[in-house]
Amino acid sequence: MDFTFSEDQLLFQETVRSFLVNEITPERLRAGWDTDTGRDAALWQQLAEMGLTGLTVPEEHDGLGMSALDFVLLAQECGYVALPEPLVNSVLVAVPALVDLGGELAAEWLPKVAAGEARVVAGLEQNLVVEDAHVADLLLLERSGQWFALTPDQFSAERNESIDPGRRLFSVTVTGNAEPVLSGEAGDRLRLASLNRGALGCAAQALGLAQRMIDLSVQYTSERQQFGKPIGSFQAVKHHMANVAVRLEYARAPVARAAYAMDEDAAGASLAVAQAKLAACEAANLAAKNSIQVHGAMGYTWEVDLHIFMKKAWALANTWGDAGYHKQQVASVIFAEGAALGAGSTFR
Amino acid sequence: MKVLVAVKRVVDYNVKVRAKGDGSDVDLNNVKMAINPFCEIAVEEAVRLKEAGVASEVIAVSIGEKPCQEQIRTALALGADRGIHVETEGKVEPLVVAKLLKGVVDKEEPQLVILGKQSIDGDNNQTGQMLGALANMAQGTFASEVKVDGDKVNVTREVDGGLQTVSLKLPAIVTTDLRLNEPRYASLPNIMKAKKKQLDVFSPADLGVEVTSHIEQVKVEPPAERQAGIKVADVAELVDKLKNEAKVI
């Protein structure tokens, strides 16, 4: 069985990486923090023209009809540049939720999402706040397993601060009379699937963030000299980065596995996603910790770009289920009565 | 109007190239390859001509070993209509490339051939000019602006003294400079469509060209490492060093 990514998937990754690295520079990110919305409509349109906003939109609604597995490498690239636009949540959470809700709602909004003409945002109760509610043309809001499809005139959004200046978080209140578009068992199923998809997006971005922090640290320690040598040549510094690189490599497979599970193995998805998010966010947290160390005092400064990626990694670790939640997911499988444990079961 | 665009597979411009240990060549092991940036500009210009309704078909051609089909596919994803691969073995020098392109020109009879002014690996800046001579076609090199006007193409060239505009009778050859345009990114739908576009493979013999080498690469070595600078205490010391050590004043 071939578990490697296909030639197409790797080519898409390379194309998207090239675009994002050239376009989403740290300077552009910093400029975005000072704008009213923190979001860039022109950039969103560019992402749409590349086909990214419609990646998981079915072909009958003018999208590419691709899957979570197709997107997971691209989400890593979004993490690598700390993309502030809500692309990952849109592609992995909001669009599949809209597809699941189906009917006229999907027929009306999905083609607009694919064309970059509308942004659909999904907000789950578990997250307490809704990311990017302020730019949502349609908000899919979940409360106690009930789903509401709200246009901007049907809700108010109050801004909450985030540790990551690139994130925009809002407490959302439904202001009008809105009837749920889905509830009961179907609503709960969609809630769980959406939570898993959101967590998968975090895990994939965490891989990209960890890689970026390694790259920044390697560059810095190759240039910064002490005792007449680059500090990266000293063993104590090398060990810091090697430990991160090892942790990152071990996190890649669980993330790919989780993306596969989202598409092909719904029963095992929660476990696979929990393992992926734990592994990837731990790698990103270690990358942040060790990168600060090898940057010395510079790592704490506003001027050095490291903090952009560190803060995003910290923020992602605590959204779409924090470490406690995902450990509980793993525990519920391991400690279940008659649970089959071992390489083929715990880590399927 | 049919437009032929040449694309070359080279080491990606972001890669820091290294010489092989024995100095025989550049080390290409595990090195990322890409379209030569000047060729990418050529593709973009051809696609823009097609979008403007000036060109009816854009054909991307590449010469080299089989992997260069990747670069043809990239050109197809950027908007070229079909591809031609002339499969050769090992290195081919600019004169051979020009002869092979002449063979493709004879076959396809394009009105306009657009090439990069040079490739970033060999930096020869010869192929376009050689093709112009072999095909007996007018040439506008180092183009920063291309305007097709009826049976003529006006090419603004970047020359040492500024800009020079020449009017060429079609069919003609244009080689692109850096400021001609800014190439687009291939979209994911176009990457998928590119896989279904026609790609014909020819051998040099199909084009009636014999591949012979006239050049032997003797040695490849990296540039000397730049020495660290020094700080001087005052202007007098600076002048003294410029005069007596650097001997530049």
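Which residue follows α2(B), and is its phi positive or negative? B:G79 follows the helix, and its phi is positive, near 135°. The notes below start from that helix; the model is a predicted one.

1. Helix α2 of chain B. This helix covers residues 69-78. Of its 10 residues, 7 are buried, so the rest of the structure largely encloses α2(B). The buried set opens with B:Q69, B:Q71 and B:I72. It continues with B:A75, B:L76, B:A77 and B:L78. Buried here means under 20% relative accessible area.

2. Strands β7 and β8 of chain B. β7(B) spans residues 138-149, and β8(B) spans residues 152-159. The two run antiparallel and are joined by 6 bridges. One of the paired positions is B:E145, whose bridge partner in β8(B) is B:T156. The hairpin has 2 residues between its strands. In this hairpin B:G150 takes a positive phi, near 65°.

3. Strands β8 and β9 of chain B. β8(B) also pairs with β9(B), residues 162-169. This pairing is antiparallel too, with 8 bridges. B:V153 stands opposite B:L168 of β9(B). The link from β8(B) to β9(B) is a hairpin through 2 residues.

4. The three-stranded sheet of chain A. The sheet is open, its order is β1-β3-β4, and its pairing is mixed. β1 (120-123) and β4 (146-150) of chain A are the edge strands. Each has a single partner strand, so one side of each lacks a neighbour in the sheet. Neighbouring strands are turned by 15° against each other on average, direction ignored.

5. Pairing and packing at β1(A). β1(A) and β3(A), residues 138-143, pair in the parallel sense over 4 bridges. Within this pair, A:A122 has A:L140 of β3(A) as its bridge partner. Helix α5(A), residues 87-101, packs on the sheet and touches β1 and β3 of chain A. The direction of α5(A) makes about 90° with that of β1(A).

6. Chain A overall. Chain A holds 11 helices and 8 strands. Its radius of gyration is 20 Å, close to the 20 Å that the globule rule gives for 348 residues, so chain A is as compact as a globular protein of that length. The C-alpha trace spans about 70 × 55 × 40 Å along its principal axes.

7. Burial, contacts and surface of chain A. Of the 348 residues, 55% count as buried. Among contacts between residues at least 6 apart in sequence, 69% join residues at least 24 apart. The accessible surface of chain A is about 15,400 Å², and 52% of it belongs to carbon and sulfur atoms.

Notes: Residues are numbered from 1 along each chain as its sequence is written. Chains are lettered from A and ligands numbered from 1 in the order in which they are written. This is a predicted model: local features need pLDDT of at least 70, side-chain atom pairs count only at pLDDT 80 or more; totals for chains, interfaces and linings use all residues. Side-chain values use heavy atoms; hydrogens and water are left out. Two strands pair if DSSP finds at least two bridges between them. Axes are lines fitted to C-alpha atoms, for helices over the stretch in contact, and angles run from 0 to 180 degrees between N-to-C directions. Contact means heavy atoms within 4.5 Å. Buried means under 20% relative accessible area, exposed over 50%, partly exposed in between (1.4 Å probe, protein chains only). The radius of gyration is taken over C-alpha atoms; the globule rule is 2.2 Å times the number of residues to the power 0.38. Accessible areas come from the Shrake-Rupley method with a 1.4 Å probe; for residues, only the protein chains shown count as cover.
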